[in-house]
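Trainee: Could you walk me through this one? I'd like to start with the ligand and then ask about the cysteines.
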Amino acid sequence: MKTILTGLRANSVFTIGNYLGALLPMVRLAREHSDDYNINLFVPDLHSIISEVDGGDLQANIVRGIKYYIAAGMPLGKNVHIYRQSRVPAHSELCWILNCVATMGEMNRMTQYKEKSEGKASVNVGIFDYPVLMAGDILLYSAEYVPVGEDQFQHIELARNLAMRFNNRYGEVFTVPVSTAEQVKFMGLDEGIRIRDLLNPEKKMSKSTPAENSKIMLDDAPERAAKKIMSATTDSVGKVKFDMWEQPGVSNLLLIEALVTDTPLQDVISTWTGETRYGDLKKKVAESVSEMLGVFQAKLAEVSDEMVYELLESGERYANEVANVKLHEVQKCVGLR
Ligand code: AQP
C-alpha cells in the first residue's frame, strides 16, 4: 500500500499558516485516501529541538500537536498511524547514513537554512542538517506523497535527490517521493500554499516570528485574531487585485479567505477584485477566521490526552516495525550488516 506522510514540528502553538498550508491538506488527503493508503502523521520532535522550544514544555506541545490533527478532522481508521519521531530510533540512524550521501554544496543551498541562520552569530548544526533528517523521515516509510507548505518544497526535492543518489550507488532501496509539481496536483491545488506574515507580507507567517500581530495562532481568542487581521499590512495601491508580488498583503488576505471558507480562490478573487475599501475585505476575512477558530477550538477541547497516548502506542509499534525493516535493508547495502 502506498504511503502519504507529513509531520509538524511541535515547538509551539501552530499558526494558521501551519494549519492551512499543511494540516488541513493532510486531513483532506486522509479523508479521501485512508482506505487505500497508509496515512503517516508524525511529530518531528527531534526537529523541534533545533530551535528553542517556546513555553519550554516539549511534551505538552507534542500532545497538543496531535490534538490539532484530530480537531481538524483527521479520520482515525486502521491505516492512520500517529507517532513521535524520537520514539523510532531508525530516523536518527538513517539520518547519519544519508549525511554521508548528501553534499555540503546542496545543503548550503537550502533556503530555510539561510533564513533561519540569517543575522545569527552562532547557528547549531541541527538547523543546517535537519533537511537530511527530514529526508530520512520520508524514505524510511517509502512515502510517495508528502503534503507540506511551499516553504518545504526544496526539502522534498532534496529527499528525492538523496533517494536517487543512494539507489544509483547501492541498488533500488528507496521509493523516490513524487516531484513537488505532482505533490501539488495530488493535493488538488494549482500551486503550493504559503500564508504570509500579516505585518510583513513579503515573508511567510512563522510561529517563531516574535511580533504577535504578524501571525494568527490556533489558540488565539477569535476576537484577538480578528483584531490582528484588521491591523494587517496592505498597500497604497487602493484597489484589490490578487498579485503576490505587487500587493502581497491584500493577496494574502484573499488566500486566507479562500482557504478558511473552503471557497475556490478564483471565486474569492472575482468577488473582491476592484474593491477600493480594504477595510471591508479585512472585516470579511476577520469574520471568517474568527468563526473558523471558534469551531476548531471547540473541537480541540473535546480531545483528551488519553486518546492521544492510545493512538501513539499503536502508531509507534507500527512505525518501528516498518522503519526497522527499511533501515536494515539500507545498512546491508552500505556494508554495515
Ligand atoms: N506560512 C505558511 N504557509 C503555509 N504552510 C506553512 N507551513 C509553515 N508555515 C507555513 C507548513 O507547516 C508545516 C509544518 O511546519 P514546521 O512547524 O515543521 O516548520 P516550519 O516550516 O519551520 O514552520 P514555521 O511556522 O515557520 O515554524 P518556525 O517558525 O518554528 O520555523 C510544513 O509543512 C510547512 O511547510
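The chat below turns to the ligand and then to the cysteines.

Mentor: Before we begin, please keep in mind that this is a predicted model.

Trainee: Okay, which residues come nearest to the ligand?

Mentor: There are 20 residues around the ligand, and of these K116, D151, S206, K207 and S208 come nearest. If you look at the shell by element, its largest share, 4 residues, is contributed by helix α1, which covers residues 16-33.

Trainee: And which atom of the ligand is 2.6 Å from the side chain of D151?

Mentor: That is an oxygen atom of the ligand, paired with an N or O atom in the D151 side chain. An oxygen atom of the ligand also lies 2.7 Å from a polar side-chain atom of R9, while M205 uses a backbone N or O atom, which is 2.9 Å from a nitrogen atom of the ligand.

Trainee: How much of the ligand does the protein bury?

Mentor: The protein buries 97% of the 630 Å² that the ligand exposes when taken alone, and the space that the ligand takes is the largest cavity.

Trainee: Switching to cysteines, how many disulfides are there?

Mentor: The count is 0.

Trainee: Why is C95 not bonded to C100?

Mentor: Because the closest cysteine sulfur to that of C95, the one in C100, is 9.5 Å away, which is too far for a bond, whereas a disulfide needs the two sulfur atoms within 2.5 Å.

Trainee: Is C95 buried or exposed, and what about C100?

Mentor: C95 counts as buried because its relative accessibility is 9%, whereas C100, at 52% relative accessibility, counts as exposed.

Technical notes. Residues numbered from 1 in each chain as written. Predicted model: local features only at pLDDT ≥ 70, side-chain atom pairs only at ≥ 80, totals over all residues. Heavy atoms only, no water. Buried < 20%, exposed > 50% of the residue type's maximum accessible area, 1.4 Å probe, protein only. Near = heavy atom within 4 Å. Polar contact = N/O pair within 3.5 Å; in protein donor to acceptor, adjacent residues only side chain to side chain. Areas by Shrake-Rupley, 256 points an atom, 1.4 Å probe, with all protein chains shown as cover. 1 Å grid on protein atoms, 1.4 Å probe; cavity = no way out; pocket = protein on both sides within 12 Å on 5 of 7 lines; lining within 4 Å. Sits in = over half its atoms within 2 Å of the grid points. Helix = DSSP H or I, 4+ residues; strand = E, 2+ residues; numbered from the N terminus.
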